[in-house]
Amino acid sequence: MSTQDKDSSNLLDSEKVSGALVPVSHLEAGGSQAASEESAQTLTILPVKNAVLFPHNVVPVTPTAQWGHEALERAARKGTHLGIVALKGEPRDPLQAEDLYLVGTEAKIIKVIRFPDGSAGAVVQGTRKFRVEKFTIQNGKPILAEVEYPEQVSPEESLELAALERGLKQLIQKAVSLSPNIPSEANIFIENVSDANYLADLVVPYLSVDTAQKQALLETEDPIERLRKVQLYLTREIEILEMTQRIQSEIKGEVGKQQRRFYVKEQLKLLQKELGELDGKATSSHAGEPQDLRERVEKSKMPVEARAAAMKEVDRMAMMQQGSPEYTVSHTYLSWLLDMPWGVYTQGQVNLTAARQLLESEHHGLEKVKKRILEFLAVYSLRGEIKGPILLLVGPPGVGKTSLGKSIAKALGRKFHRIALGGVRDESEIRGHRRTYIGSMPGKIIDALKKSGSMDPVILLDELDKLANDFRGDPSSALLEVLDSEQNHTFTDHYLNVPVDLSKVLFIGTANTLGTLQGPLRDRMEVVELDSYTIEEKINIAQKHLLPQVASEHGLEGKLDFSVSNELLARVVSSYTREAGVRQLRRELSSIARGLVHEYVENSEAQKRSRRATSSRKKYALTRKDVDKLLGKPHYLETQKPARLALGVATGLAYTPVGGDVLHIESVAVENGKGQLSITGQLGEVMKESVQTALALIKSRPAVCGIDLKTLQSSDLHVHFPAGAVKKDGPSAGIAVFSALVGLLSGRALPSDLAMTGEISLRGEVLPVGGIKEKLLAAHRYGVKRVLVPQSNLRDLDDIPESVRSTMHVVGVRRVEEVLEAAFGRVSPAGVKKRGRLS
């Protein structure tokens, strides 16, 4: 047996076969073997795909290969018959004999049809079955086969045969009444057929069975067995038609004309259910997108309450029309529930050594803060859970509060998410919006869990002190439940409306000041204060972190190694920045880097134009001249310590949000006055009261202060705080004002290397103040050698770097007498009379 080439395939695709095959009355009921060019037992074979031709049935045939067209036209011209054989499946290329069934149907051509593209087709009628003995397949030629015609078996008359024939005819009548695809003429024609084989062959076209089952019917020789199979298939077809009719009637009673689209979808769902049960496969009553959501909910790790809410919403969606607004709201809600990382935790084993190394590598200084963070991690490592106060990092801008939060997340092996709370004034930003309108969404806490992808992230609540409130609610009050470890395991967002466990989340807050925080919110957190950096710390941070980062960001890494000495960095810090952190310092270093990049690119282009070789890498040490050229004139002039202070001038120390500062307090007296006091310098009420307290204390103790009370009462005093454009307040200038007034009224100038800070009372006590570290650092920069502080503040000296403490003498004072002795030495009451008038 030979093979054929690519052009020899001649298939009839199922898409080209008409749906209903109705026998034509004027055609022969039985076939006879016609004369042909071949021998009596040889037929030209035409393979067909997805179709089986039965005797007495009429089908259209459209050959696809050239030899098929030629064979069809020759058979039509000479009146010969063709053999129609079904393919077993997808044919191979080239076609093999094994691809064809061995039982087919001989067909005669009824009519040849010409198509506009030049091809031809035909309508053929089956005449009788044959069995192939041998195929002959040659390249580019029609397929020939040696066939034999089995003798048709006529069944004996019996009750079973009569029952089968009558039952089959009744089923055909019922099918005609149910299906619009079966013509009514078929019922009349089949009713007059008495031959069992003929009756079975005529019913087969109306059965919805596959090619293999139809081929099995064709190959079945026993008429009784064929009738049984046909009746079984037809009974199933009628059941499907009845169910379709019932489904249509049920749906028509539920929907109206305005819901045509919804009607089609419901019809499809019910039909899938019925057909699935018939095939032995359980099909859910929910189809389409709600079914997909239902499967996702079942596979998720939601807690019981969330799963119940999700299932209830899926059931509601199944009853909605997809284009409705309610459907969109429900779909968005389910998407949020499914996108939540239920049961996902990223916490690993805490390694204190690695955590310490991480903190040291990313943050310079801040020893007290690092110690508290390591203690926190140690407790977590031992207990395996977070129970206790929330850390609140308080400090000036730019000292590393946010970066500390990121370092804690790295040390714990958790995801990090930052929530900016500055200016938030709506309580719904925390708790979420209720699902009453399109566009509602959860609050920032739930959004942070979704974006981080875990239920135990580190969430940084940034700028807690900048929270606002108005008629829409108070967001700081909404945070009370979030930050309470005893309540947040059942936190309920208004949008999700299901309990969410926040007990595994590590919250860290940041603030610049504690003054604007609510008392209950402040009570839920443990304050960890971050002080401003010293000049030495800023220099170390610049050398270790800022300069490498700036070089990398500006493309200088690997091309130009520039270095800045510590002395130049100290000048940049003091003359170009006024801050507690290092943000402005980073900006100034970026300005230097941009200038270097500019010069580097210009030099490279000039060398290319002159075709001179360029070195792959250069090293460059910046000088003071380079810094002045790149940064311009200094932004701030360093206050120079005078050799001696004028009479009535004292050196005070102040705390600002960007660190400490030195403040000169000036006082003058006008003779022949009325004893009035004037205070200027844009001062707050507390500072004005401090000046009045100092003057009252002097008047109550003239002998201790060494002044003449009559002279004081006849003079007008004016106390001024320079830098009038800057607001000032606080009681810490009390002893400085007191010393300035005593020096003025007693005619003694204060030493220029002495600075002081502390609050005074009318009883002469020196009370403690805050910001000692920042104030002493400012005094150190100014060149002060001695500093007077309240005795109670000596405990704060542990926070001062040893390099600063070793260069100045800090004296603790309890009363104003000790202040006067440290500032002027012992006062002799007799000496007051000798001074007389104010100088």
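**Exercise 1. Which residue in β13 is the bridge partner of L392?**

Start with a word on the model: it is predicted, local features need pLDDT of at least 70, side-chain atom pairs count only at pLDDT 80 or more, and totals for chains, interfaces and linings use all residues. Residues are numbered from 1 along each chain as its sequence is written, and side-chain values use heavy atoms, with hydrogens and water left out.

Step 1. Find the strands, which are DSSP runs of E with at least two residues, numbered from the N terminus (helices are runs of H or I with at least four). Strand β7 covers residues 390-394, and strand β13 covers residues 525-529.

Step 2. Check the pairing, which requires that DSSP finds at least two bridges between two strands. β7 and β13 are parallel and share five bridges.

Step 3. Read off the partner: L392 bridges to V527 in β13.

**Exercise 2. Find the partners of β7 in strand β12, then place both strands in their sheet.**

Step 1. β12 (residues 506-511) runs parallel to β7, with four bridges between them. Here L391 is partnered by I508, and L392 by G509.

Step 2. The open sheet has five strands in the order β8-β9-β12-β7-β13, with parallel pairing. β8 (416-420) and β13 are the edge strands; each has a single partner strand, so one side of each lacks a neighbour in the sheet. From one strand to the next, the twist averages 25°.

Step 3. Now add a helix. Helix α13 (residues 401-412) packs on the sheet and touches β7, β8, β9 (458-462) and β12, where contact means heavy atoms within 4.5 Å. The direction of α13 makes about 165° with that of β12; such angles run from 0 to 180 degrees between N-to-C directions, with axes fitted to C-alpha atoms, for helices over the stretch in contact.

**Exercise 3. Is β7 largely enclosed or not?**

Step 1. Use the cut-offs: buried is under 20% relative accessible area, exposed is over 50%, and partly exposed lies in between (1.4 Å probe, protein chains only).

Step 2. Five of the five residues of β7 are buried, so the strand is largely enclosed by the rest of the structure.

Step 3. Look at the directions. I390, L392 and V394 point one way, while L391 and L393 point the other. In a regular strand, side chains alternate between the two faces of the sheet.

Step 4. For context, 47% of the 839 residues of the chain count as buried.
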